[in-house]
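Colleague: Please take a close look at the aromatic side chains of this model and explain, step by step, how they are arranged. A first-year student should be able to follow your reasoning.

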Amino acid sequence: MPQTTGASYASAGVDIEAGDRAVELMKEWVKKTQRPEVLGGLGGFAGLFDASALKRYERPLLASATDGVGTKVDIARQMGVYDTIGHDLVAMVMDDIVVCGAEPLFMTDYICVGKVHPERVAAIVKGIAEGCVLAGCALVGGETAEHPGLLGPDDFDVAGAGTGVVEYDRLLGADRIRSGDAVIAMASSGLHSNGYSLVRHVVFDRAGMTLDQQVEELGRTLGEELLEPTKIYSLDCLALTRTTDVHAYSHITGGGLAANLARVIPDGLHATVDRSTWTPGAIFDLVGKAGQVERLELEKTLNMGVGMMAVVPAESVDAALTTLADRGVESWVAGEITERGAHTTGAELVGDYAK
């Protein structure tokens with residue numbers, strides 16, 4: 001029988017009232033991220049940032065980045081924990097921006113759901129807002145989209161875009177790096193938000209593990225380990241640039257340590273990172289053994305315990321390590337920059353990991 005009543009947005013699966021309630025619930029969290037340059041409040045068509053604040057710069061360069069958190073969202077969905085995934089999103093975006101020496105200014109987010117559960121959406125935004133506070137940026141706006149029929153009622157994804165600013169003559173990167181520089185590693189908080197397609201395949205499909213399974217070597221459940229938020233290094237890196245002569249940063253994300261470090265190494269130079277200077281966390285060993293994953297495959301997929309690297313002059317090492325220690329960031333000298341030989345590439349890992 002044909003339908004006798006008219007179609008509506010609600011009958012198509014989109015609940016506008018639930019969306020409005022989600023906005024109301026998230027307002028208090030967004031407010032916590034406000035910087036003095038932000039104008040207006042949540043609910044406008046565009047977020048406003050007073051660009052006159054950039055007048056203090058001689059030649060301001062705007063840095064922008066966009067990212068998501070990959071299939072880590074599925075771990076959050078399965079565990080029913082939604083207030084940490086936002087930390088991952090901010091880290092993925094703002095730690096890319098700080099690599100060039102830029103100060104994070106503001107961020108916007110995009111949350112796509114199969115069905116709007118207001119409290120769930122608000123929890124996601126809470127995590128994003130808390131991450132913005134840790135990165136020193138404002139959350140100036142975003143979008144929540146309901147996609148019934150394309151996503152299941154409990155499915156969701158998140159993405160974000162951010163903007164930062166750096167003075168032209170303080171721009172960090174490959175052109176500053178010199179032979180003899182030291183490579184300083186900053187410890188990751190775990191897997192961060194990369195390689196989860198491999199990790200999920202290994203622990204669920206290959207090893208038959210469950211999220212509520214207590215794992216002795218991890219000291220907690222598998223789910224708690226996999227949902228550990230990505231460390232946000234933005235303010236730590238900015239502090240380091242104020243106290244030492246940093247030449248470059250490398251954010252260790254998809255592609256692994258060597259490939260990401262190579263992105264900031266100039267032609268003619270070579271970065272050597274010594275594995276014996278640290279011991280990767282237990283989760284990396286678990287993934288490797290459970291999936292019989294070769295070391296090189298692990299290293300080109302996961303961060304192996306290093307989330308950010310800084311390249312500094314040798315004479316700045318002590319000051320850099322002191323600054324990071326004072327900020328509670330575990331760090332160590334992991335390698336050095338040398339002239340590139342005939343058979344070397346931009347960056348490589350050597351030796352064996354410390355036991």
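Modeller: Let us begin with phenylalanine 106, which counts as partly exposed at 22% relative accessibility. The model is a predicted one, and the values below are computed from it. The limit for a buried residue is under 20% relative accessible area, so phenylalanine 106, at 22%, does not meet it. Phenylalanine 49, with a relative accessible area of 18%, does meet it and is buried.

We may now turn to the rings themselves. Two rings count as a pair if their centres lie within 6.5 Å, and by this rule there are four aromatic pairs. One of them joins phenylalanine 49 and phenylalanine 106: the ring centres are 5.0 Å apart, and the planes meet at 40°, so the pair is tilted. An angle under 30 degrees would have made it stacked, and one over 60 edge-to-face. Phenylalanine 49 belongs to strand S2 (residues 48-49) and phenylalanine 106 to strand S4 (residues 103-113); the pair therefore ties together parts that are 57 residues apart in sequence.

Another pair consists of tryptophan 278 and tryptophan 332. Their ring centres are 5.9 Å apart, and since their planes also stand at 40°, this pair is tilted. Tryptophan 278 is found in the loop between strand S11 (269-274) and helix H9 (282-290), whereas tryptophan 332 is in strand S13 (residues 331-339), so here the parts tied together are 54 residues apart in sequence. With a relative accessibility of 4%, tryptophan 278 counts as buried. Tryptophan 332, at 12%, counts as buried as well.

These two tryptophans do not stand alone, for Trp278, Trp332 and Tyr353 form one aromatic cluster. Tyrosine 353 has a further neighbour: arginine 275 lies over the face of its ring, at 5.9 Å from the ring centre. To count as sitting over a ring, the CZ atom of an arginine must be within 6 Å of the ring centre, and the 5.9 Å of arginine 275 satisfies that limit. An arrangement of this kind is also found at tyrosine 168, where arginine 59 lies over the face of the ring, at 3.8 Å from its centre.

To summarise, the pair of phenylalanine 49 and phenylalanine 106 connects strands S2 and S4, while tryptophan 278 and tryptophan 332 belong to a cluster with tyrosine 353, over whose face arginine 275 lies.

Key:
Residues are numbered from 1 along each chain as its sequence is written. This is a predicted model: local features need pLDDT of at least 70, side-chain atom pairs count only at pLDDT 80 or more; totals for chains, interfaces and linings use all residues. Side-chain values use heavy atoms; hydrogens and water are left out. Rings of Phe, Tyr and Trp (its six-membered ring) pair if their centres lie within 6.5 Å; planes under 30 degrees apart count as stacked, over 60 as edge-to-face and the rest as tilted. Helices (H or I, at least four residues) and strands (E, at least two) are DSSP runs, numbered from the N terminus. Buried means under 20% relative accessible area, exposed over 50%, partly exposed in between (1.4 Å probe, protein chains only). A charge sits over a ring if NZ of Lys or CZ of Arg is within 6 Å of the ring centre and within 35 degrees of the ring normal.
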